[in-house]
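The exercises below are to be worked through with the sequence and the model side by side. Each task is followed by a solution that goes step by step.

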Amino acid sequence: MNEPDSPVTDSDSVAAVDLGSNSFHMVVGRVVDDTHFHIVDRLRERVALAAGLDAQHELTDKVQERALACLERFGQRLREIPEGRVRAVGTSAMRQAGNAKVFLARAQAALGLPIDIIAGSEEARLIYLGVSHSMSDDRGRRLVIDIGGGSTELIVGERFEPIRMDSLGMGCVGYSLRFFVDGKIRAEDFRRAEIAARLKLEPIERRYLEANWENCVGSSGTITAVDAILRANGWSDRGITVAGLRQLKKALIAAGNISKIGGLSGVQADRAPVLPGGVAILLALFESLNIEHMAISTGSMREGLLYDLLGRIRHEDVRDQTIRQLCQRYKVDMAQAGRVERLALHCFQQVRDAWGLDAEVGHQLVGWAARLHEIGLSVAFSGYHKHSAYLVANSDMPGFSRADQELLAAMLLGQRKRLTREVFTGLPNSEAELAKALTICLRVALRLARSRSPTPLPPFTATARRGALELGFLPDWIEAHPLTFADLIEEAEKLREVGFELRVR
């Protein structure tokens, strides 16, 4: 493990933690203006998370303990940086692990910070963000490729905007274990690994061949390691080429075993066990996509996470853009969504302290849920809350983690009809309580805005205590709005089924 520099303790720091399938990375940056940072520290440890998946696709006790020890060390380094300026994510191995939720709770305790398990599409977006910021701001399309331990991401983009993104379930760890059994390296092993990779690429191959990209850029440990080996052996002096890859493949086959490739110039000891699988995937990519030359980027997903954090700090959160795009795609009535949002937030602001809710997190979730609550109408009115929840749970949502989407989906599922405890059972206990509280604010707002009238409602008070909420209105308002009052009484009956008391005065 690299030794850290002197601690960064001021609030101008941002940090990212990447729980990769092969290695765990941490990077710390010092913000130098509103849009840029200087890297002041990096840490990397090979944890081999993907190699620790057993036959049932669960992380073994041994790999969990190795990972937790690493995260405890990272946590010490991050202790002085405010939580809102650190983002930690898990990728392919965490997505695959059947016991990921149990491990995640232990991992968060060890790190001392929340950890998001992100989808492959979000991983690709962050990779492109990191790579594009590390290169000159040239016009023209580029193809960016990142080969990780458990997945490979491909992105076509222009400048700082990705146009197409795909995440494929092939990585250097998985392919090395699957095709180079017991460390043996034979020509037949390479042939089988390359064919398997070509089959993975086949469904998207045509689209990438026709994407009109002008240059190819590689990012990740595998690609930078291959570049270093090619240069060290004189097989290429300008990035990665097909000829250089074939020379490396020939050398690996000649070595015959992973234990013997350490003597090859430029090979790092911790990279050797996963090198054959990575090289096979690279060869398949070059041949499938007609790549002649791959430049190497110093940027990666870690840097992408930092730039994404800077955007959130500047209130340029990509998640808000994602919500806007979903509303546009599903033709949401934004006037009604705005009414519901204002009412739900008015309720939330009054109850958050009594219910111990985080002001920033709750404000964001209530706002997003209010804007998205009717996207299911694009499918059908009947059961539209179920359609809304399904769309949020299963859509690619840039900037959102899986946990974010699951929590939002639970709120949308619970927005109307009967509210049952089963709505929140898939969430961790702390998130289930948060989702339930925010859903009640959303349900109250929906009752009050049911008429869809542009006439603003008079201010109401919301007095909360544990398991209870009392709504207060101006004198004579309830008499003038009997339908709304009846709605609220019906809502009180439905909430009583989950042990919650709603009163109206």
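**Exercise 1.** In this predicted model, decide whether Ala435 is buried or exposed, and establish which residues it touches beyond its sequence neighbours.

*Solution.* Begin with the accessibility: Ala435 has a relative accessible area of 0%, and because buried means under 20%, Ala435 counts as buried. Next, place the residue, which is found in helix H16, spanning residues 429–448. Finally, list its contacts: leaving aside residues up to four places away in sequence, Ala435 touches Leu407, Met411, Phe424 and Leu427. For Met411, 24 residues apart from Ala435 along the chain, the C-alpha atoms are separated by 6.1 Å.

**Exercise 2.** Determine which parts of the chain the salt bridge between Arg42 and Glu303 links, and state how exposed each partner is.

*Solution.* First, confirm the pair: the side chains meet at 2.7 Å, N to O. Then locate the partners, Arg42 in strand S3 (residues 37–46) and Glu303 in helix H10 (residues 301–313), which lie 261 residues apart and so represent distant parts of the chain. Lastly, compare accessibility: Arg42, at 38%, is partly exposed, whereas Glu303, at 7%, is buried.

**Exercise 3.** Describe the lining of the largest pocket by class and find which helix gives the most to it.

*Solution.* Start from the space itself, about 1600 Å³, lined by 43 residues, with Pro114, Asp116, Arg319, Val361 and Asp404 the closest to the centre. Sorting the lining by class gives 19 nonpolar, seven polar and 17 charged residues. Helix H13 (residues 359–372) contributes the most, with eight residues.

Terms used:
Residues numbered from 1 in each chain as written. Predicted model: local features only at pLDDT ≥ 70, side-chain atom pairs only at ≥ 80, totals over all residues. Heavy atoms only, no water. 1 Å grid on protein atoms, 1.4 Å probe; cavity = no way out; pocket = protein on both sides within 12 Å on 5 of 7 lines; lining within 4 Å. Points joined across faces, edges and corners; volume = space filled by probe spheres on them. Helix = DSSP H or I, 4+ residues; strand = E, 2+ residues; numbered from the N terminus. Nonpolar A, V, L, I, M, F, W, Y, C, P; charged D, E, K, R; others polar. Buried < 20%, exposed > 50% of the residue type's maximum accessible area, 1.4 Å probe, protein only. Contact = heavy atoms within 4.5 Å. Salt bridge = Lys/Arg side-chain N within 4 Å of Asp/Glu carboxyl O.
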